Structures are given as C-alpha cells and as structure tokens.
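Grab a coffee and open the viewer. Here are a few short exercises to work through, each with its solution.

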Amino acid sequence: MTSQAQPAVRSDEIKRLLDRKKDKMKFQLSHCMRCTLCAESCFLFKAHDKDPQYMPSYKVIHSLGKLYRRRGKVDRAFLESIKKIVWKNCVLCRRCYCPVGIDIPGMIAFARSICRSQGVHPDFEGDAQQSWL
Amino acid sequence: MYAFISGPMVWIAFACFFAGLAFQTMQFLRLSQKKELRALPGKPKAKKKKKGKKAVKKKKAWTLAALFAWADGLFVRQLESLRTSLLGHHVVMAGFTILFHILLFVVPIFLLAHNILLRDALGLSLPSLPEALTDALTFVFLLCAFFFLFRRLFVRQVRAISGPYDYLMWLITVLPFLTGFMAYHQWCDYDLILRVHIIAGELMLIVIPFTKLGHMLFFFFYRFLVGTEYSFGQGKRAW
C-alpha cells in the first residue's frame with residue numbers, strides 16, 4: 001500500500017449525483033417499511049448466521065439512505081465504510097425480494113457509482129483477495 | 001375546540017389525504033415512465049424461417065380423469081407457490097400482517113359510531129357491524145400492533161434498521177385505535193380521550209400520503225401496476 005494522501009471528497013460532486021436521481025431514490029427510501037422481509041432472500045445474510053448488516057434493507061438504509069440524509073456532505077472515512085457495505089456485503093445478484101417492490105439492487109448500484117466518483121472502490125490487490133464468506 | 005376538530009378539521013384531513021394520494025400517484029407515474037433506450041450498434045439479424053413440417057398438436061381429450069389430473073396439478077402448483085411465498089417463509093409474521101391490515105380498514109369503515117357521524121354529515125352511511133364485534137376486532141388489531149412493536153424492539157434484525165421515525169409511525173397508526181377502544185369503554189377522562197382520538201385519526205389521514213404509510217396505495221402500484229406492464233400492458237413503465 002502506498003502512503004499517498006487521498007484527495008479530499010468533493011461534496012458538490014456527490015450532491016450533484018444524488019440530485020440526479022433524488023426523486024426516485026428518496027421516493028423508494030421513504031417507502032421502505034423496515035419490515036425485514038427482504039432479509040431471507042439474501043444468500044449472504046443466510047451465510048452469515050443472519051447477521052443484520054447483510055440484510056438488503058440494512059445495506060440500502062446505511063449507504064444511500066445516509067448519503068441522502070447528510071446531503072452528500074461526507075468524508076472519506078464515511079465513504080470507506082459504505083464501500084464495505086455496497087461491495088463486500090452485496091454482490092448485486094438481484095435476488096433480493098421486497099414485498100413493497102423497492103428496487104434494492106438499483107439503489108446499491110447507485111451508491112456504488114457515487115463511491116466510485118470519489119475514487120472509493122475495491123482494489124484488486126487488497127479487497128478482491130478477501131472471501132465474501 | 002371540539003366543534004372544530006369534529007367539523008372542518010375532518011374535511012381538511014380528508015382533503016389532505018385524497019390530494020396527497022393524487023399527488024403521489026402522479027409522482028409515481030412520472031417516475032416510472034420508460035427511459036429512452038440507446039439503439040444497439042448494427043442491424044438486427046433477420047430471423048430465419050424454419051423449414052420442415054409443422055408440429056401437429058395433439059388434441060387433449062377432456063375425460064374425467066384428465067380433469068382430475070389437471071385440478072390436482074393446479075392444486076400442487078398453488079400449494080408450491082404458497083410454500084415459496086412470504087406466507088410459507090414467515091407464517092406468524094404473514095398471519096399477523098394480513099389480519100392487521102384487514103382490520104385497519106374494516107374496523108373504522110364499518111364502525112357504528114363513525115357511520116352515525118357520516119349519516120349526520122352527508123345523509124348517507126355504510127352498513128355497520130355490531131358494536132361488540134368491532135370492539136373485539138379492535139382488541140385483535142391492538143394485539144397485532146403490539147406484536148409488531150415487540151418485534152421491532154426485540155428482534156435484532158428489525159431493531160438494526162429501526163429508528164425514532166419508525167416508532168413514531170407505529171404510534172400514529174395505533175393511537176386512533178387505542179384511544180377509540182379507551183373511549184368506547186369510557187376509561188380515563190372520556191372527553192379528553194375522545195378529542196385525542198379525533199385528532200389522532202385526522203393526523204393519520206394527513207400523514208399517510210407523505211410518509212411510509214403511503215404503502216397503503218403504493219403496495220398495489222409496485223406489486224401489480226409495474227408487473228401488469230410486463231404482462232397485459234404495453235411495457236411502458238419501468239421501475
């Protein structure tokens with residue numbers, strides 16, 4: 001690993017991206033009932049002894065939900081914490097089932113693209129070597 | 001105060017409720033419009049016509065045995081789809097939620113006291129259920145509601161994604177029923193409980209379209225409208 005200083009997070013860029021899909025994403029976030037019925041449809045949730053942080057709803061609320069709540073004003077450490085949620089805790093297999101019909105994978109993918117815009121993404125030397133299970 | 005909350009405020013609450021639902025419906029229809037897809041490079045290949053004889057389709061003989069076999073297959077398929085549905089995976093949760101949502105509509109709509117008020121205001125009313133029955137159904141509703149509250153408090157998966165907003169929404173949903181039950185049995189100060197009951201009911205109506213309680217309407221949109229677009233519809237909506 002190099003010890004180069006990471007560039008500062010561009011909050012205005014994150015805000016611009018968030019605003020692009022604001023209506024749709026906030027609409028869907030506001031209709032999540034927090035019922036946890038989507039949990040059983042995630043194989044990672046089942047494989048991790050039903051750990052709540054692998055629930056599809058948890059992943060959306062604690063990544064994209066927090067980004068919208070903070071209106072994009074986040075630091076790099078926050079984006080790094082989201083990185084684990086949207087890349088390591090989700091493989092975007094699109095099998096998650098929401099009784100209300102919320103497009104969870106679409107929201108995770110959007111959170112990924114926001115992280116990627118700030119250079120936060122898994123690298124092949126480190127993260128990709130780790131197992132999902 | 002009582003004259004206002006039981007008079008104009010009721011109509012304001014209903015106006016907010018229906019206007020909010022109309023606004024959110026338009027919002028949903030706007031957001032689910034199909035996006036323009038980029039044209040793929042290259043011309044699509046023309047399909048080759050299949051040569052050879054047409055497959056002769058055998059006519060099915062509708063004997064009694066075939067009818068039984070068909071009905072049996074249908075039953076097995078239905079049973080299988082039920083087993084793999086939420087009802088099969090979470091029997092208790094699905095049971096409570098179905099009961100809860102049915103009673104959420106049935107109890108206030110077919111309540112005698114509400115229908116008397118409706119007749120006084122509009123000169124027409126809906127049929128009413130016996131008071132003893134609606135009282136018992138309200139009790140069942142409250143049991144279901146407390147089941148959801150305990151689930152939110154003690155099941156770690158649900159607790160992990162619950163915040164003050166979720167408890168507030170639970171309170172807004174349950175308060176009209178709890179105060180209605182208390183008012184019917186004349187517990188505590190009747191006048192105060194009745195006023196709280198009316199305000200709680202109006203508050204619930206106002207917030208439904210703008211909060212997660214909006215799933216009252218969007219459940220049907222999400223589940224059926226978008227699905228219909230890909231089956232009977234023209235496939236013009238994407239979610």
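**Exercise 1. The interface**

How much area do chain A and chain B bury between them, and what percentage of it is on carbon and sulfur atoms?

Solution. Bear in mind that you're working with a predicted model.
- Step 1: put the two chains together, and about 2,500 Å² gets buried between chain A and chain B.
- Step 2: split that area by atom type, and 64% of it sits on carbon and sulfur atoms.
- Step 3: look for the big contributors on chain A. Phe27(A), Met33(A) and Arg34(A) provide 25% of what chain A buries against chain B, more than any other three residues.
- Step 4: count who takes part. Chain A brings 29 residues to the contact and chain B brings 25 residues.

**Exercise 2. Polar links across the interface**

Work out how many salt bridges and polar contacts cross between the chains, then find one of the salt bridges.

Solution.
- Step 1: the salt-bridge rule picks out two across the interface of chain A and chain B, while the count over all chains is eight.
- Step 2: check one pair. Arg34(A) and Asp166(B) have an N to O distance of 3.6 Å. The cut-off is 4 Å, so a pair like this passes as a salt bridge.
- Step 3: widen the search to polar contacts, and you get 10 residue pairs across the interface, both partners at pLDDT 80 or more.
- Step 4: map chain A's side onto its helices. The elements giving two or more residues are α2 (22-30) and α4 (56-69) of chain A, and α2(A) has the largest share with five residues.
- Step 5: sort chain A's side by class, and you find 14 nonpolar, seven polar and eight charged residues.

**Exercise 3. A pocket**

Which residues lie nearest the centre of the second largest pocket, and how many residues line it?

Solution.
- Step 1: the second largest pocket has a volume of about 730 Å³.
- Step 2: its lining counts 30 residues, with Lys26(A), Leu29(A), Ser30(A), Gly65(A) and Arg69(A) nearest the centre.
- Step 3: trace the lining to its elements. Two or more residues come from each of α1 (11-20), α2 and α4 of chain A, and from α2 (8-31) and α9 (164-184) of chain B.
- Step 4: the top contributor to this lining is α4(A), with six residues.
- Step 5: by class, the lining holds 12 nonpolar, nine polar and nine charged residues.

**Exercise 4. A pair within one helix**

Where do Glu13(A) and Arg16(A) lie, and how many residues apart are they?

Solution.
- Step 1: both belong to helix α1 of chain A, three residues apart, or about one turn of the helix.
- Step 2: the side chains of Glu13(A) and Arg16(A) form a salt bridge at 3.4 Å, N to O.

Methods
Residues numbered from 1 in each chain as written. Chains lettered and ligands numbered in written order. Predicted model: local features only at pLDDT ≥ 70, side-chain atom pairs only at ≥ 80, totals over all residues. Heavy atoms only, no water. Contact = heavy atoms within 4.5 Å. Buried area = accessible area lost by both parts, 1.4 Å probe. Polar contact = N/O pair within 3.5 Å; in protein donor to acceptor, adjacent residues only side chain to side chain. Helix = DSSP H or I, 4+ residues; strand = E, 2+ residues; numbered from the N terminus. Nonpolar A, V, L, I, M, F, W, Y, C, P; charged D, E, K, R; others polar. 1 Å grid on protein atoms, 1.4 Å probe; cavity = no way out; pocket = protein on both sides within 12 Å on 5 of 7 lines; lining within 4 Å. Points joined across faces, edges and corners; volume = space filled by probe spheres on them.
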